[in-house]
Amino acid sequence: MIRLGLRLSLSSGREAAARLALIVVGVAAGVAVLLATLSLFNAFQATDGRPCWECTTGSAPSGWALDATADGALWNYHEDFYAGRTIKRLDAAALGTRAPVVPGLSRMPGPGQYYASPALAALLDSAPREELAARFPGTRAGLLGDVALSGPDELVIVVGRTPDQVAAMPGARQVDTVSAASTMPAVDDSADVYRFGFGVAAVGLIVPLLVLVGTATRLAAARRETRFAAIRLVGATTRQINVLATVDAALGGLAGALAGLAIFQLVRPAVAGVRITGARFFPELVAPHAWQYAAVLGGVPVVAACAALWSLRRVRISPLGVARKTAASPPRAWRVIPLLAGLGMFAGPVYRDGKPDALPAVVALALVMAGLMLAGPWLTMAAARLAARLTRGGATLLAARRLAADPKTAFRSVSGLVLAVFIGTTIAALVPTVVAGQQKVAGGTLNDVLGARFDRPGVSGLSPRAGTELLDRLHARPGVDVLPIYGRTDAEKVPPRPDGPPPAPYAVECADLALFPVLGRCPVNTRAVAGNFARIVGADNPLTVDRLLPLAGAASPPASTDGLDLAAVMITTRDPATLERLRTLLSGYTVEAPMTFAEVAEVRADLYVRAENVALAMVGLTLVAGACGLVVAAAGGLVERRQPFTLLRLAGTPTRTLAAVVLLESALPLVLAAALAAGSGFGVAEPLIDALAMRSASIAMPGPVYFASLGGGLAASLLVILTTLPLLRRMTTPDNARFE
């Protein structure tokens, strides 16, 4: 029977060959998309699992002093910033002959030397020295190897220092061994976000790919069942018919999997250039594992065979013909209840005291996702019936009646898109709102303000002499406004009032404060005022700044800045080159890289933007798979309805009317599913914005990437369906009106 099944699949005329070709094309597209997703996930896992030298903590007791008998090394890891890009910097000094070495180096740099990543080395060569290279003393001794980097675009530098120089840096650590941790929680907390994104992408892709494979292997089911009935007539058993159906489907699945593997090899260089996490992976890491290749090549034919057998579950193949056991019942209105209940929970009970409650939020999200899948067939039927009542065109009437007769089958071909579009829309609605809210802090007037803090635990700031020297150098630069912020050493001596706020720990001169009116105004006839001015410098969440402003007002306590240490400065300039020169200057006084408010917002929003990229990439890939499924379903419908369409054409129905029927049957479920999922995504996102304490930020429209992914994918799906129209004209010739 296996040999007979192969012969029927390969040598049964042009119709069987066309059917097999459609199956191969549909499955190949899905397999190529799946392999691309697996490749990117493998590259992420390999990058995230590299030795985490940045995680090395060691030990550094407060007041640590050099020990002549100590071994190992002193490390000081921190991050710098240049032109919107983060630079990972390690200052290291060997204490003995057994000093640990960063992976990717044969030896650590000595004092006056440094190793840089290839991307940073190129940047150092191209940028003006006073803007970047002046921050790193010494000469370049070589380049860092790939083992130390997460990708070819990462900016990393290892600077050699003397033990005394590193010991004087805040946060210095004595290190004996390099951390081999597989994650970087202390440095980059985005790993869990990416794992979640790839997990959602896997779920979002598997569903439409299974739908695609199942749709492809069930092409022309009615004509295949008629053929099976003829085989039963000559003596075949039901078991033998199942074997024939399994061989037919598995052959198409295996050929499609092999074709998909070949397509992936052709597009792999382009996949390696995808910046799914904001940066490229090393190309050699972007590849599926051997077991994943084997699982795809073995699993796709099995899934195809199971789909073929499942399609026969409600059909009895008898020697005298094909009989349906039961008629499909129409979907009921109760299917909408879970969706409405989930959206209603997001509008109210999910939040307590303005914050989301974990358990109700999970339940509400599950109800929404399940409700989208359940409500789809009923809404498709309702939309089709409404279209049939309102329309007078023949094409719309034919398409609407067919959709209303079997809405479950019509919605099944696009059901895989629903969850992907829903999740992508929710994230795409949240991220622009968060980003826009952070950029609008204080009306955007602080975006260009550069802030640097010099105080830290145990240190009140720069001494009056060092502070005066720094301020003189800052004021000497044209076009630069400076607000010095002084630490009040007497604040701790002032007893707090029981009914008032604690004493303000900082003070500013009123003449300097007048250059930054958004921070507040001094009382009349006041030289200096006290306030919590340094609190907003380097704030990791710009959304909290608005709640602190203004920092000075009519009730601000008077103060004096005489003899106080310089705790922080706020600087404004409109020249990008001057900004980088100021950053280089300030790097000699502070460990943390000075950043503008806009840069702080950009760094904080970067993680959310990367998560959005993962979600939108998932939506785009899912739409590709969904488009292939639509084409396969449309082509299968043409093959299955060849005779009815031929008779309609012989009766005088224009070909363009039949083409409109095919397009409407595909477009209505597709557009309805996308609109339903997108609307639910916005419905979930709007209350989440309030829960994230962003009441000052109104909901923002998703960016162009979202509309390009969703709108472009839908348009491409509909355009691809047009490729089936030449097949319609060829299949409805008068010769096809005969009965077999």
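## Exercises on a predicted model

Strand E11 (residues 449-453) and E16 run antiparallel and are joined by two bridges. Keep in mind that the model is predicted, then try the exercises below.

**Exercise 1.** Work out which residue in E16 is the bridge partner of Gly451, and place E11 and E16 in the order of their sheet.

*Solution.* Start with the pair itself: Gly451 has Met595 as its bridge partner in E16. Next, zoom out to the sheet, which is open, has six strands and reads E14-E13-E12-E15-E11-E16, with antiparallel pairing. Now look at the edges: strand E14 (528-531) and strand E16 (595-596) each have a single partner strand, so one side of each is left without a neighbour in the sheet. As a reminder, strands of a sheet pair through backbone hydrogen bonds, either parallel or antiparallel.

**Exercise 2.** Find out whether Val431 is buried or exposed, and say which residues it touches beyond four places away in sequence.

*Solution.* First locate Val431: look in helix H13, which covers residues 415-439. Then check its relative accessible area, which is 7%; buried means under 20%, so Val431 counts as buried. Leaving out residues up to four places away in sequence, Val431 touches Tyr608, Val609 and Glu612. Finally, try a distance: Val431 and Asp606 sit 175 residues apart in sequence, yet their C-alpha atoms are 9.8 Å apart in space.

**Exercise 3.** Compare the settings of His78 and Val267: which label, buried or partly exposed, goes with each?

*Solution.* Take His78 first. You'll find His78 in strand E1 (residues 73-82). With a relative accessible area of 10%, His78 is buried. Its side chain also has a polar contact of 2.9 Å with the side chain of Asn76.

Now switch to Val267, in helix H7 (residues 238-272). Here the relative accessible area is 35%, so Val267 is partly exposed. Val267 also belongs to a nonpolar surface patch with Ile263 and Leu266, and together the three have about 280 Å² of accessible area.

**Exercise 4.** Step back to the whole protein: how many helices and strands are there, and what percentage of the residues count as buried?

*Solution.* Count the elements and you get 21 helices and 16 strands. For burial, 49% of the 740 residues make the cut. On the outside, about 34100 Å² is exposed, with carbon and sulfur atoms supplying 61% of it. Last, the contacts: among those with a separation of 6 or more, 81% come from residues 24 or more positions apart.

Terms used
Residues are numbered from 1 along each chain as its sequence is written. This is a predicted model: local features need pLDDT of at least 70, side-chain atom pairs count only at pLDDT 80 or more; totals for chains, interfaces and linings use all residues. Side-chain values use heavy atoms; hydrogens and water are left out. Patches are made of residues with over 30% relative accessible area and no salt bridge: like charges are joined within 9 Å, nonpolar side chains (Val, Leu, Ile, Met, Phe, Trp, Tyr) within 5 Å. Accessible areas come from the Shrake-Rupley method with a 1.4 Å probe; for residues, only the protein chains shown count as cover. A salt bridge is a side-chain nitrogen of Lys or Arg within 4 Å of a carboxyl oxygen of Asp or Glu. Helices (H or I, at least four residues) and strands (E, at least two) are DSSP runs, numbered from the N terminus. Buried means under 20% relative accessible area, exposed over 50%, partly exposed in between (1.4 Å probe, protein chains only). A polar contact is a pair of N or O atoms within 3.5 Å; within protein, one must be able to donate a hydrogen and the other to accept it, and residues adjacent in sequence count only if both atoms are side-chain atoms. Contact means heavy atoms within 4.5 Å. Two strands pair if DSSP finds at least two bridges between them.
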